[in-house]
Amino acid sequence: MSGRTRLALCAFAATMMTAGALLPLVETSTWLLRAAFLLAVQSGVGALARRMRLARILTVSLQTLATLLTLTVAFAREHALFGVLPGPQAVQRLAVLLTTGADDVGRYAIPAPATDGILLMLIGGVLLVGLAVDVLAVTFRAAAAAGLPLLALYSVAAGLSDGGAGWLWFVLAGCGYLLLLLAEGRDRLSRWGRVFGGASRAPGGPAAGPDGSGHALAPVRTGRRIGVVALGIALAVPAALPALDGGLLGGTGPGQGGGSGGGTISAVNPLVSLQNNLNQPENREVMTYRTNSASPEGFYLRILALDQFSGGEWRPSTRRLRDVPDRLPQPAGLGPDVAVTEIRTNISASRSYRQTYLPLPYPASEVDVRGRWRYEPEGRTLVGDDGQTTGGARYEVSSLAVEPTAAQLAASAASPPDLAREYTRVPPSLPDVVEKTAAQVTEGAADDYERAVKLQDWFTTEGGFRYDTTVTSGTGTAAIERFLKEREGFCVHFSFAMAAMARTLGIPARVAVGFTPGTAQADGSVSVGLRDAHAWPELYFEGVGWTRFEPTPSRGSTPAYTLPDVPSQDPGDPALPTDGASAAPTAAPSASESCPAQGRQPGECGASTAPGVADSAGPGTPAGTVVLWVLGSLVVLTLPLVPMFWRMRARARRLGSSKGRTAADAAARVMAAWREITDTAWDHGIAPDDSQTPRRAAARVVRLGGLEGPAAAAVHRVAGAVEQVLYAPEPGGAVAPAEDVREVREGLRSSAGRWDRLRATLAPRSAVRVIWAVSERLAELGSRWSRVVGRVRPAGRLRRPSRQRG
Amino acid sequence: MTTYDDRASLTDLTTTAERVRRSVEGVIEGKPEVVRLSLTVLLAEGHLLIEDVPGVGKTMLAKALARSIDCSVRRIQFTPDLLPSDITGVSIFDQQRRDFEFKPGAIFAQIVIGDEINRASPKTQSALLESMEERQVTIDGHTYELPDPFMVVATQNPVEMEGTYPLPEAQRDRFMARVSIGYPSAEAELQMLDVHGGASPLDDLQPVAHAHDIVKLIDAVRTVHVAESVKRYAVELVAATRRHADLRLGASPRATLHLLRAAKASAALAGRDYALPDDVQALAVAVLAHRLLPTAQAQLNRRTAEQVVLDILQRVPVPTSGGAAASAQPVPGGPVYGRQPGARRL
C-alpha cells in the first residue's frame, strides 16, 4: 500500500471515528453506515484523482463534485436529472431539506428522530469534514491541520448533546486523529528512504522493510508514545482539577437526562410574542372555524401547554412524539361521571398563519388533518413535522366539551403522585411572596377547587388587577413578584402567576397557549384574529382532568364550573362571550402578515419579517435562496466547461466564417481555417510559435502531431493557401479549408491518446485566448480611460510631460 | 503586378539557374545549399564572401560559378604587397598621344574572384569599396562603369591570422552574404578523390549560360513581389540586431536592402513570383551574420553572430497580416500569432 493510500484510509477512519460522536444526537445509528459509504466514495474519488496526478485543485474539485452527486443521489434522487445530476429541483429539495433540518434541530431534543433534514445535515456535515480532512491530510499533506475540522465536528457533537458527548466518543475521535498523525509521520519518514529501527531490534533481524514501512519504526513508536501520553494527560488532568467540572470522565453530564428519549419537542417562549400579537394595530385573521359547540364562548383553541416552570417563565417540556392515532386517547384524569358532549369543528387556518402547532379545542378526540403532523400525548397537541406548518391548513376536529359541575370538581380525589410531583414542582428561586400571597388569597378554602376559584376571582375581580398589554413583560423570577406588586399585566402574567400560585398550593397546574373563541361572523363561521391570542392556566382535578381557568380580567370567558352558585347546566350568564375579540376586529385580514408567533420557536420569531416576505412564495425555503442555490450550482457545474463551449463556438464561427465568393471572402476563409488548425494543434499539445512561418508551422504540426497521408497534406495545403493570401500579389489556388480543417482535426485526434483527446475536448489549451482577449480589452479600456481622464483633467496631463520626456 | 512576360522570364530563370546550379555542383559536390546561395547572390546583384578553412573548395566554388557563365572573369590573388591600383587600374601617360591612358585593373570583369582577400592591406581592400557598391571606378576624376552583371566573389581564411588584415566593417557590409562551405561528407570526399584524381573538373566545365541571360534573370528577380508584411518583417529582423544585448554593432540599412533582394532572388529560384518570410528566414544568417559585431561579453560566452541571428529569428514574430487580400476583411478569431506561448518562452 502506498503512503498516500494509507493516509487516505486513515483520514477516512479519523473522520468516521469522530463522526461517532454524533451518534447520541439521533435515535437511529444506521445513518452512520450511509455516511461511511458516501465518505468512502468521496475518498475513493480523491485517491483516484491523486493517482492520476491531477492538479491539487482539480482533485479537490472532483471530490466536491462527487460529494454533491452522492448527496443528490442519497437525498434528492427523485428530483435529480437522470437520477444523479443535481438539477434546480434537486437543489431546491436539498435546500428545503436543510431548512427543515435546521428547524428540526431547533425543535427536537436529543436524541432527535432521524428526519430527512437532520440526516442530510449529519451526513452532509460528515462529508464536508471528511473532505476537509482528506484535502488537508492527504492532498496537501498537512495531517496536523486536519485536526481542526475534526475538532469542529467533535465540538458540534459535544455542544449539541448538551455538555459533552461522553468520554468514549472523545477517545475514539482522539484515536482517529492520532492514527492520522501516525500515518502521515510514517509516510513522511518513509519518503526519506530506508529508516533504521534502532538498536532494540533482535540482532540479525531486518531493521526495517525494504520500503521502510514493513515494521514499526523507532521514530513512529516515539510519536505513538507521545500521542498516548498527551491523550492520557488530556483525560486525566481535568478529572483531577476541581475547577473543571468533572472532565470527560466525570459522568454523563446533564445532557443525558433532558428527555426520556426519542422524538420530543421543546422550546417556545410565548411571552414576548403573545404581547406582540395583542398589541397589533390590526386584528389580522389567523383562522376561521365552524363548530356545533353549544357554548361558543368557552370554545378556546389551544396550541400547546407550558408545563415547565423555571421560576421566571413557563416552557414546554421535551416530550416524546408519536404518530397521530386515528382516535386520540381518553384525556388524562377524565372520569366517567363528568358530562361530556362531543362537538365537531371545521377549522381553516389562514395561509399567512404559519406555525408548527395545530390549534385544537381541548380535549380533542379525533383530528382529520392532512400533512405531516405528530402527536404529543401529554399536552395533547399536534406538532408539524419536516417543515409542516399550519399555513392554509383545513382540518376537522372532534373534541369533547367537558362540563364538570362544581361539586364534581370539589370532590376530586388526590392527583396521581407522578403527575402531582411533576406539575406542582416550583423552583427554589421562586420568591416567597408568591406562596404567601397564594396562601393568603385562598385562606379558608376547603379544597383545591375552592382555592382555584378563589385565586381566579382574586385575579379577575378582588385583587384589583388591571389588564394592560403594554406592560413590560420582564423575565426572571422577579417578574412574577413585580406583577403581584404592581398588579398590571396581560394574559401571560395572569396565567403564569395563577399557575405558579396553584402549584405552590399543591394543585397540579400548567399554562395553555392559544386563542380565545374569536368573533362570530354573519355566515355562522367564527373568525379568530391575532389579538385573540391568549394564555390561560389549566389546573388538574382527578376525575375531570385538566380544567381551564380564566384569571385574566376582561378576556375570554370565565368557565361556568368556576361559578359555584350557578349550576353548570345553566347557560351561564356571565356573558362575556368574546370580549377582546369583539372589541377589536375591524380591518380586513391581511395575508402578508405572518409569524403570529404563539407557537413558534423563539428563534423563528426573532426575525419575524424574513418569513413574512417569503410566505407568498410557498412553503419551505425562501425563493431567493433557492434561485441563488440553483444559479450557484449551475455556475459551479458549468464553469469548468466554459473553455469547451468557447472553443466550440470559435470553431463554428471560423469554419462557417463567410460564404462570400469574393477574393476577400476566400482569404478570410483560409485565414480562419489556418487559425482553427493552429488552435486545434494547440489543443492537442502543439503550442503555436509565432516565429514560425506558415510553412514551418505546418511542418511542425505534421511532425509533432504525427500526421500522415491526407491529414498532413491538408495542413500543407492550408498553409500554402495562407502563404498565397498573405504574401502573394494575387491569392490563388482553390482550397476547401473547412474540409481540410476537419481532416486535420481527425488526424490529430486519431494520433492522440485517449486522455489527450479528452483534454483537447473538455479543457482545450487554446481557450487561454479568451483570457488574453479579456486582458487586452481591459488594457485598451484602461488606456482609453486614462486618455479621457487626461483630457478632462488638465492637471493630469500637466504632470505627464516629465514622464514622457523621461 | 505579375505580367505574362514576367512569368515567362521566371520560367527562364528557373531553367537557366538550374543549369548553372548543376554545372557548379558538378565541381562542388554535396553542398547544394552553398551553391544555391551563390546563385541567389548572383541573381540579387550582390557580392559573395566565402569564408572557410583552407582546402575546402572556396576558390573552386568561385571559379566554377564563373566558368559556368559565359562572361569575363578575373582573378585577383590578394597579397600583402598588392596595391589599390592593381585592382582598380592605373592611368599611364602615353607619350605618343601625349595623354593619360587608363589601364583597367583586375576589377574590370563581370565576375571578379578575390582570393584570400584578407591578406591584402586595408588600403588595398578599400579599393574595392566604390566598385562593389556603385559598380564604377573613379580614377583621376574619371569614372569608369563596370560591366553588367558584376559580382565579386571573395574568399578568406578565418583561421590563419598571421599576416592578415581583417576586413573593415565598411568592406564587410558590401558583401551581400557570407557563406562557409564546410567539410564534405565522407562519401562526397571519396567521390571527389575519384573525380579530382585525374584532371581538374574545372577544365571540363563549359559555360551553360550567357552573361545576357544573367542580366535578364536579374531583371526578372527585380519584379518579384514582396508583400508589405514581409518587408516589415525584414526591417524588424534587422532592427532587432541593433537592439540585441549581445551585439556591439547591428546590421545597417544596406543589410535590410540586401536581405530583401536576396529573398526575392531566392523566391525566383524557387519559381515563385512573391517572396515569403521563409525566404527571409533562410537567408538571414548568411546576409546578416558577417556584419554584426558581438560584444566582448558575448565573445567570452562564445556567442557567435550566427547564434545571435538565429536567436532573433526565434524571437521576432512572423507577420500574418497585410497581404493583398487578407487585409481587405477582418477575420474572426483575432490574429493568428497575436500572442503565443512559443514566442514568450524564448
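Of the 806 residues that make up chain A, 45% count as buried. Keep in mind that this is a predicted model. Below is a quick look at chain A as a whole, then at one strand of chain B, S6(B), which covers residues 111–115.

**Chain A: the overall picture**
- Chain A's secondary structure adds up to 27 helices and 20 strands.
- Take the contacts in chain A between residues at least 6 apart in sequence: 72% of them join residues at least 24 apart.

**Chain A: how far to trust it**
- The average pLDDT for chain A is 76, and 76% of its residues score at least 70.
- One stretch to watch is residues 566–620 of chain A, where pLDDT stays under 50. The model still gives this stretch 116 contacts beyond four places in sequence.
- Another is residues 794–806 of chain A, with pLDDT below 50 and 3 contacts beyond near neighbours in sequence.
- Where pLDDT is low, don't read the predicted coordinates in detail.

**Chain B: strand S6 and its partners**
- S6(B) is mostly covered, with 5 of its 5 residues buried.
- That goes for both faces: B:Ile111, B:Ile113 and B:Asp115 are buried on one side, and B:Val112 and B:Gly114 on the other.
- Strand S3 of chain B (residues 73–77) runs parallel to S6(B), and 5 bridges join the two.
- S6(B) also runs parallel to strand S9 of chain B (residues 151–156), this time with 4 bridges.
- B:Gly114 is a handy residue to find in the structure: it stands opposite B:Ile76, and its bridge partner in S9(B) is B:Ala154.

Definitions and conventions
Residues are numbered from 1 along each chain as its sequence is written. Chains are lettered from A and ligands numbered from 1 in the order in which they are written. This is a predicted model: local features need pLDDT of at least 70, side-chain atom pairs count only at pLDDT 80 or more; totals for chains, interfaces and linings use all residues. A residue is buried if 20 or more other C-beta atoms lie within 10 Å of its own, exposed if 12 or fewer, and partly exposed in between; C-beta atoms are placed from the backbone. Two strands pair if DSSP finds at least two bridges between them. pLDDT is the predictor's confidence in each residue, from 0 to 100. Two residues are in contact if their C-beta atoms, placed from the backbone, lie within 7 Å.
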